[in-house]
Every structure is written in C-alpha cells, then in structure tokens.
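Look at the sequence and the 3D structure shown below. The paragraphs after them go through the helices, the core, a pocket and a few single residues.

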Amino acid sequence: MARRSIALVTAAVLFLEAPGIVAINAVMAGFLEAQSMSLDGMDPDAMVAGTWGLGIASGIALLVCALVALVAGLRDRRPGRFGRALLIGCAIVHGVLGAVAVALLGWTAFAFLVAVLGLVVLTLVVYGKEDAAAEGPAAA
C-alpha cells in the first residue's frame with residue numbers, strides 16, 4: 001500500500017516540477033533576448049531558441065517521467081524496462097543538478113532536487129525485486 005502512495009507522490013511532484021523548469025528557462029531566454037549578447041560569436045537569437053528548446057524538452061521529459069510514475073502507482077505494478085530507464089535517467093539528472101545547484105543556487109535548491117531524487121529512487125526501489133520474484137515461479 002505504501003508503494004502506491006510513494007509512486008503517486010513522485011508523479012505529483014514531477015508534474016509540478018515540469019512547468020517550473022519551463023518557466024525558469026523562459027526567464028533565462030528573456031534575459032538572453034534583452035541583453036542580445038553573443039557568446040563566442042554565436043547568434044543571440046540561436047541562444048534564445050536553444051534555451052526555449054531546452055526548457056520545453058526538459059518539461060516534456062519530466063511529464064513523461066511523471067506519467068510513468070503515475071501509471072506505476074495506479075496499476076500498482078513496476079514500470080517496464082523503458083519506464084525504469086526513464087526514471088533512472090531522471091534520477092541521474094536530479095543528482096547532477098543537485099550537485100551543481102548547491103554551488104550556484106544554494107542549499108534550498110539542493111534540498112528540493114535531492115528530495116525529488118529520493119522520491120524517484122524510492123519509487124524505483126519499492127517496485128524492484130519483490131515483483132520480479134513473484135513473476136519468476138509463474139513464468140517457469
């Protein structure tokens with residue numbers, strides 16, 4: 001019963017984080033557009049478009065990871081191989097961003113990213129070996 005609620009909380013947090021990431025990238029794109037500066041000869045408009053593209057792609061990736069956790073929570077079954085790979089990638093990104101955020105943004109951002117990392121890893125762990133052991137004898 002606890003694993004279902006863990007997966008649903010993870011999905012809710014990832015659903016809330018997705019528009020936040022898009023908004024942060026929108027702010028950065030606004031700064032880039034207002035300053036109109038180039039970085040090593042790059043076109044400023046290309047940098048603005050790249051920032052928007054990264055923000056939208058990151059938001060979509062978080063939404064897909066949230067859907068994987070939501071489906072796992074609703075069905076109370078572990079995600080498939082592709083879903084687990086997505087969640088593992090999401091956990092890795094949150095870990096790396098947490099390490100960078102502690103230096104650039106402070107401990108509050110670090111704590112949030114590590115909390116999300118913990119939820120994603122906990123979702124992966126609670127739907128781990130127990131289901132695999134239950135499926136093993138049935139397949140034989």
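Which residues make up the largest nonpolar core? Some ground rules come before the reply. This is a predicted model, in which local features need pLDDT of at least 70 and side-chain atom pairs count only at pLDDT 80 or more, while totals for chains, interfaces and linings use all residues. Residues are numbered from 1 along each chain as its sequence is written, and side-chain values use heavy atoms, with hydrogens and water left out.

The largest nonpolar core consists of twelve residues: Leu 14, Ala 18, Leu 62, Cys 65, Ala 66, Val 68, Leu 87, Cys 90, Ala 91, Val 116, Val 120 and Leu 124. At least two residues of this core come from each of α1 (2–35), α2 (44–75), α3 (81–104) and α4 (107–126). The largest share, four residues, is supplied by α2. A nonpolar core here is a set of buried Ala, Val, Leu, Ile, Met, Phe, Trp, Tyr and Cys residues joined through side-chain atoms within 4.5 Å. Buried means under 20% relative accessible area, exposed means over 50%, and partly exposed lies in between (1.4 Å probe, protein chains only). Helices are DSSP runs (H or I, at least four residues), numbered from the N terminus.

Take one core residue, Leu 14, in helix α1. Leu 14 counts as buried because its relative accessibility is 0%. Contact means heavy atoms within 4.5 Å. Leaving aside neighbours within four places in sequence, Leu 14 is in contact with Leu 62, Cys 65, Ala 66, Cys 90, His 94, Val 116 and Val 120. With the same neighbours left aside, Ala 18 is in contact with Gly 59, Leu 62 and Leu 63.

His 94, one of the contacts of Leu 14, lies in helix α3. Is His 94 buried or exposed? His 94 counts as buried, because its relative accessibility is 3%. Not counting residues up to four places away in sequence, His 94 touches Leu 14, Glu 17, Leu 62, Leu 113, Val 116 and Leu 117.

Now follow the helices themselves. The 34 residues of α1 reach 49 Å from the first C-alpha to the last, close to the 50 Å expected at 1.5 Å a residue. The expected span of a helix is 1.5 Å times one less than its number of residues. For α2, with 32 residues, the expected span is therefore 46 Å, and the 47 Å between its end C-alpha atoms agrees with this. The buried residues of α1 are Arg 3, Ile 6, Ala 7, Thr 10, Ala 11, Leu 14, Glu 17, Ala 18, Asn 25 and Ala 29.

What follows each of these two helices? After α1 comes Ser 36, whose phi is positive, near 50°. After α2 comes Asp 76, whose phi is also positive, near 55°. Most residues other than glycine have a negative phi. Asp 76 has its positive phi although it is not a glycine. This residue lies in the loop between α2 and α3 and counts as partly exposed because its relative accessibility is 24%.

The loop between α1 and α2 holds Ser 38 and Met 42. Ser 38 is partly exposed because its relative accessibility is 44%, and Met 42 is partly exposed because its value is 42%. In helix α2, Asp 45 is exposed because its relative accessible area is 57%. Asp 45 and Ala 29 are 16 residues apart in sequence and 9.5 Å apart in space, C-alpha to C-alpha.

The last feature is a pocket. What is the volume of the largest pocket? The volume is about 740 Å³. On a 1 Å grid over the protein atoms alone, a pocket is an open set of points where a 1.4 Å probe fits, with protein on both sides within 12 Å along at least five of seven lines, and lining residues have an atom within 4 Å of a point. A volume is the space filled by probe spheres set on the points, which are joined across faces, edges and corners.

The largest pocket is lined by 23 residues, and Ile 21, Asn 25, Ser 58, Leu 97 and Leu 113 lie nearest its centre. Each of α1, α2, α3 and α4 supplies at least two residues of the lining, and α3 gives the most, with eight residues.
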